[in-house]
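Colleague: Please put the model up, and then I will go through it with a few questions.

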Amino acid sequence: MTERENFLKLYKGECPEWVPTYSFGRLPGMMPDETKVMASSYVGPGFLNEKRTMTGGFDIWGVEFVTTEETGWASLPKPGKFILDDITKWRDVVKAPDISNIDWEAMAKKDLEMAGFDQNETATIFALNIGYFEELMALMGFTEGLCAMYEEPEEVKALFEYMSDFYYEVADRCIDYYHADILNITDDTATKYNPFISVEMYRDLVKPAHAKQAKAATKRGIPVEMHDCGRCEEFIDDWIEFGVVAWNPAQTTNDLKGIKEKYGNKLAICGGWDYEGRVCEPDCTEEEFKATVREAIDKFAPGGGFCWCGGALGPVDDPIVKQKNKWMAEEVSDYGRKFYS
């Protein structure tokens, strides 16, 4: 059985042969095991990121982003450079790019060649790498963005509908050419301890956009996964309603034990381990570190419905970060590989 086949068993609600390892792609330092065949990898339309670089750049809506080496090149909107200050004026600022002349098949071929993984061995996760809630905050900043959702919900809804129409068309045109196994939806709607918005606000404003994006996959029988950081468990029922079968990074501030009991293999938990506390300390020993890996697998892997998704984050060339990711790769492979034997 290939890594891809084992990984996809998880997304079908079946128990895999061994604990799979989730990967966000070939990003240095992002995931623990970059030398072996990856179980999954991201790929998406190149034109969406043609103005982005490792150190920043602009998204397709005109928001400027910056990165830092210390955060492993994670990007954030450039402070103080929000481009929308009045949600009622979004039509003057937010303009979808013209896609009428794109050769979708040729673009997919180029993007897959650049991604550099064997689709027979590695599951292809088609990702647009956008979030509707996230994009509003990037356009306006959190203060103005959250106020807009409360004070002008109809304008926010119209903006999200405009954006989701665009992203649906892109996904619908691309999925077959990219030979996608899975559709990814990304939208960080929560802090570490609580959602940014209520369930009611999510259902009214954000969920319709997520559901429209998901339809491009579900109408083809392709599973959908959700990326949502923080404690966002309140939204799970709604995700499942529009086709989500897996969730990452499933951070530990959520009631993951209760979630696993409630949903079983209907929702794969890709996560269950956070790089915080003792494992972050420079003097954390190999055995201490590896013990936390085994603990997470023991807690969430029984019966299936679990995928390892975690890693030591920090400067990509930091020897301590590299060492910890090496330990993690070893333990996930050694312990997780034989877990169901």
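Colleague: How many cavities of 30 Å³ or more are there?
Modeller: This is a predicted model, in which local features need pLDDT of at least 70 and side-chain atom pairs count only at pLDDT 80 or more, while totals for chains, interfaces and linings use all residues. Residues are numbered from 1 along each chain as its sequence is written, and side-chain values use heavy atoms, without hydrogens and water. On a 1 Å grid over the protein atoms alone, a cavity is a set of points where a 1.4 Å probe fits but cannot get out; points are joined across faces, edges and corners, and a volume is the space filled by probe spheres set on them. With a lower limit of 30 Å³, the number of cavities is 3.

Colleague: What volume does the second largest cavity have, and which residues are closest to its centre?
Modeller: The second largest cavity holds about 80 Å³. It is lined by 11 residues (each with an atom within 4 Å of a point), and the closest to the centre are Val 19, Thr 21, Lys 36, Val 332 and Ser 333.

Colleague: Which helix gives the most to that lining?
Modeller: The lining of the second largest cavity has 4 nonpolar, 3 polar and 4 charged residues (Ala, Val, Leu, Ile, Met, Phe, Trp, Tyr, Cys and Pro count as nonpolar, Asp, Glu, Lys and Arg as charged, the others, Gly among them, as polar). Helices (H or I, at least four residues) and strands (E, at least two) are DSSP runs numbered from the N terminus. With 5 residues, spanning 319-337 as a helix, the largest contributor is H11.

Colleague: Which residues are closest to the centre of the second largest pocket?
Modeller: A pocket is an open set with protein on both sides within 12 Å along at least five of seven lines. The second largest one has a volume of about 180 Å³. Its lining has 13 residues, and those closest to the centre are Gly 272, Trp 273, Asp 274, Thr 292 and Glu 295.

Colleague: How is that lining divided?
Modeller: Nonpolar residues number 4 in the lining of the second largest pocket. The rest of the division is 4 polar and 5 charged.

Colleague: Which strands stand at the edges of the open sheet of 7 strands?
Modeller: The order is E1-E6-E7-E8-E9-E10-E11, with parallel pairing (two strands pair if DSSP finds at least two bridges between them). Each edge strand has a single partner, so one side of each lacks a neighbour in the sheet; these strands are E1 (40-43) and E11 (306-307).

Colleague: Which residue in E10 is the bridge partner of Trp 247?
Modeller: E9 and E10 (residues 268-270) run parallel and are joined by 2 bridges. In E10, Trp 247 is partnered by Ile 269.

Colleague: Which residue in E5 is the bridge partner of Val 66?
Modeller: The other open sheet has 4 strands in the order E2-E3-E4-E5, with antiparallel pairing. E2 (52-53) and E5 (75-77) are its edges, each with a single partner strand, so one side of each has no neighbour in the sheet. E4 (residues 64-67) is joined to E5 by 3 bridges. The partner of Val 66 in E5 is Leu 76.

Colleague: In which loop is Pro 249 found?
Modeller: The peptide bond from Asn 248 to Pro 249 is cis, with omega near 0°. Pro 249 is in the loop between strand E9 (244-248) and helix H9 (256-263).
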